[in-house]
Amino acid sequence: MKLLDLHISGFGKFHDRDIRFSDGVNIICGQNEAGKSTLHTFIRCMLFGLERGRGRASRNDLYSRCEPWFDKSNYGGRLRFEQDGIIYRIERNFQKDQKSLTIVNETDGKTLEPTGALMNKLLCGLTETTYSNTISIGQLKSATDDGMVSELRNYIANMNTSGSMALNITRAVSLLRARRKEFDRQLDADAARNYTTLLGEIRNIEKELAAPEYENHLSSCRAAHTEVQELLSRKQEERESLLQKTASAKQALASAQFTDQASIETYLSEAKGTWFTYTQAKSTAGRPLRTVAAVLALLLAAAAGAGATLQYTGRFDLTASFAAAILPETVAANLPATTAAFFLAVPAAALLCLSLGLFWQGSRLKHETAMTGKILQEMFSRHLGDQTISDEAMQAFEARMQEYIRLAQVVEVSESSLQEQAAGITSLRQKQADCDEALAKQQRAQWDLEKKLEHLAHCKDQVESLKRILAENERIREEIAAIDLALDTMTGLSSSIRDSFGLYLNKTASDMVGGITGGVYDSMSVDENLNVFMNTREKLVPVSQVSSGTMDQVYLALRLAAAKLLQTGHDTMPLIFDDSFALYDDERLRAALKWLATSWDGQIIIFTCHQREAQLLTANRIPYHLIRL
């Protein structure tokens with residue numbers, strides 16, 4: 001990879017800034033606080049991205065420290081580089097709510113999808129960790145971080161087993177362990193117990209469902225309820241109709257001032273008696289012989305009275321003729337005149353009484369005829385609408401009374417029928433209540449049945465689900481067994497890798513340390529934890545016992561050796577030094593720069609606040625490109 005140029009839209013103190021790079025050595029010179037580290041950080045963020053921390057960590061994280069000073073809405077930029085003869089352009093927006101990444105193949109003129117495989121290719125197989133621990137060398141950070149140990153161990157293991165970096169043993173082990181934990185979490189330890197419990201519950205529910213109370217009589221109960229309800233409705237309608245008819249009949253009787261058949265019969269009997277009295281009185285009072293007899297009796301009474309008076313006063317002697325006619329001769333001859341007068345007075349009085357009696361009886365009959373006629377006229381007027389008294393009227397009256405009698409009989413029959421209907425309706429209502437209770441009971445039973453069936457179906461669904469879970473548990477256990485076997489295999493492999501861990505790194509680092517130190521040291525050893533030892537003829541000297549300048553040179557050789565090994569099979573990324581030679585004296589710096597310029601096959605970018613690097617390169621006639629900040 002060769003960096004061509006970059007444009008900073010907004011990053012830290014930089015705003016709308018362009019910088020171009022050239023092949024070989026690039027010296028970026030600037031005073032302290034000129035932005036060298038900011039520019040170094042921008043290159044790394046353009047390659048690997050910039051994530052913002054969460055919570056309190058976001059207050060002073062890299063995202064916050066690198067936010068633009070002037071326009072925070074314009075946070076990002078672009079980086080152009082050449083790799084394998086193709087020019088690429090990376091554009092990034094670091095804004096948290098507008099974060100974006102665009103990769104353009106300028107040679108072919110098309111935008112590429114930023115997949116993991118593409119980024120791995122463009123970054124020459126380096127991760128951000130290996131980038132920061134190899135080719136990107138910050139201020140006084142030639143020494144490698146602890147994270148580099150696992151990266152190098154994995155790389156060496158891969159090279160030792162497969163001859164390439166296609167296999168990542170450390171990552172594979174980590175993934176296998178993570179996968180095993182995931183499988184452990186997926187295992188349902190209670191599945192077998194729950195499965196057994198559910199089977200027992202299903203058997204119990206099926207046994208309950210076989211009980212007689214769950215037999216479905218709902219249809220028959222509903223049919224019986226409907227039948228009773230329809231019959232009750234029909235009976236009620238009949239009763240209402242009969243009630244209306246009975247009420248009308250009673251109203252008709254009441255309007256005629258009758259209550260029942262007995263009252264009508266009594267009224268008719270009274271009417272007949274009145275009619276009989278009326279006809280008899282009228283017939284008797286209308287006879288002329290009665291009047292003649294009364295008058296004749298009155299005349300005879302008057303004549304007898306006059307004779308008695310004359311006999312008594314002596315003016316007329318009726319004794320001989322009258323007494324002789326009615327008494328024995330001896331008695332009549334001896335009767336005095338007063339006695340004779342008495343015998344004349346008695347018939348006179350009797351005839352007078354008879355005449356008076358006949359006249360009184362005639363008057364009474366007339367009065368009785370008038371009274372009974374008036375009563376009959378009132379009866380006929382009320383029931384016939386006509387006051388005419390006649391035999392036809394009486395017959396019509398009797399016919400009307402017979403109608404009332406029949407109407408009263410109908411009312412009596414209707415009331416009896418109403419009582420029977422009331423009793424029948426009461427019975428039907430009780431039967432309806434019984435049907436309602438039976439229907440409600442059956443509905444409750446069916447509801448309970450449906451709940452049990454629903455629960456049974458749910459249990460069966462759970463059983464089927466648990467069957468799948470148990471099958472999945474079995475598969476997961478097989479997977480776990482396979483993972484455990486793979487982990488055991490890799491553990492054994494790692495043991496053999498540790499024995500040969502330093503072979504690749506030691507050889508490459510030893511070749512480089514001689515050139516960087518100018519031949520002062522030409523051999524070094526690195527153990528699996530990246531502990532470095534200098535090889536002398538007498539002993540292995542820990543790098544901590546050499547001078548700080550030599551120590552920095554040794555770690556630089558280690559970084560470059562690791563970078564070379566990690567980038568095998570890929571294009572080489574530029575070496576970036578950010579004030580990394582502060583502890584170098586002029587002789588060490590000259591040797592290091594000369595070796596880098598002649599031995600490193602790739603671009604070199606040196607950030608510095610001094611002029612030493614440029615002066616030494618100029619003195620040694622080594623070409624370079626100077627960029628001033």
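Two strands are taken to pair if DSSP finds at least two bridges between them. The exercises below apply this criterion, among others, to a predicted model.

**Exercise 1. Establish the order of the six-stranded sheet, and determine how strand E1 is joined to its neighbours.**

Step 1. The sheet is open, its six strands follow the order E2-E1-E4-E5-E6-E7, and the pairing is antiparallel. Its edges are formed by strand E2 (14–20) and strand E7 (110–112), each of which pairs on one side only. On average, and with direction ignored, neighbouring strands of this sheet are turned by 20 degrees against each other.

Step 2. On one side, strand E1 (residues 2–11) pairs with strand E4 (residues 76–83) in the antiparallel sense over seven bridges, and within E4 it is Leu79 that stands opposite Leu6.

Step 3. E1 is also joined to E2, with which it runs antiparallel, by six bridges; here Gly10 has His15 in E2 as its bridge partner. These two strands form a hairpin with two residues between them, and Gly12 in the turn has a positive phi of about 60 degrees.

Step 4. It remains to place the helix that lies on these strands: helix H1 (residues 36–48) lies across E1, E2, E4 and strand E5 (86–93), and runs at about 105 degrees to E1.

**Exercise 2. Describe the open sheet of three strands and the helix that packs on it.**

Step 1. The strand order is E9-E10-E11, again with antiparallel pairing, and the edge positions belong to strand E9 (524–526) and strand E11 (540–542), each pairing on one side only. Neighbouring strands of this sheet are turned by 35 degrees against each other on average, direction ignored.

Step 2. Between E9 and strand E10 (residues 532–535) the antiparallel pairing extends over three bridges, and Met524 stands opposite Met534 in E10.

Step 3. Helix H16 (residues 548–566) packs on this sheet, where it touches E9 and E10, and the direction of H16 makes about 110 degrees with that of E10.

**Exercise 3. Characterise the packing of helix H17 against helix H18.**

Step 1. Two packed helices are described by the angle between their axes and the distance between the axes. For helix H17 (residues 586–599) and helix H18 (residues 612–619), the axes come within 10 Å and cross at roughly 65 degrees; the crossing in which H17 passes H18 is right-handed.

Step 2. With contact taken as heavy atoms within 4.5 Å, H17 contributes Asp586, Leu589, Arg590 and Leu593, which meet Arg612, Glu613, Leu616 and Leu617 in H18. Sorted by class, this contact has four nonpolar, no polar and four charged residues.

**Exercise 4. Which residues line the second largest cavity, and which element gives the largest share of that lining?**

Step 1. With a lower limit of 30 Å³, the count comes to two cavities, and the second largest has a volume of about 30 Å³.

Step 2. The lining of this second largest cavity consists of Val25, Leu593, Leu596, Ala597, Ile604, Ile606 and Leu617. H17 and strand E13 (604–608) are the elements that give two or more residues to this lining, and the largest share, three residues, comes from H17.

Step 3. By class, the lining has seven nonpolar, no polar and no charged residues. The contact of H17 with H18, by comparison, has four charged residues beside its four nonpolar ones. Leu593 and Leu617 belong to both lists, as they line the second largest cavity and also take part in the contact between H17 and H18.

Definitions and conventions: Residues numbered from 1 in each chain as written. Predicted model: local features only at pLDDT ≥ 70, side-chain atom pairs only at ≥ 80, totals over all residues. Heavy atoms only, no water. Axes fitted to C-alpha atoms, helices over the stretch in contact; angles between N-to-C directions. Helix = DSSP H or I, 4+ residues; strand = E, 2+ residues; numbered from the N terminus. Left-handed = near helix turned anticlockwise from the far one by under 90°. Nonpolar A, V, L, I, M, F, W, Y, C, P; charged D, E, K, R; others polar. 1 Å grid on protein atoms, 1.4 Å probe; cavity = no way out; pocket = protein on both sides within 12 Å on 5 of 7 lines; lining within 4 Å. Points joined across faces, edges and corners; volume = space filled by probe spheres on them.
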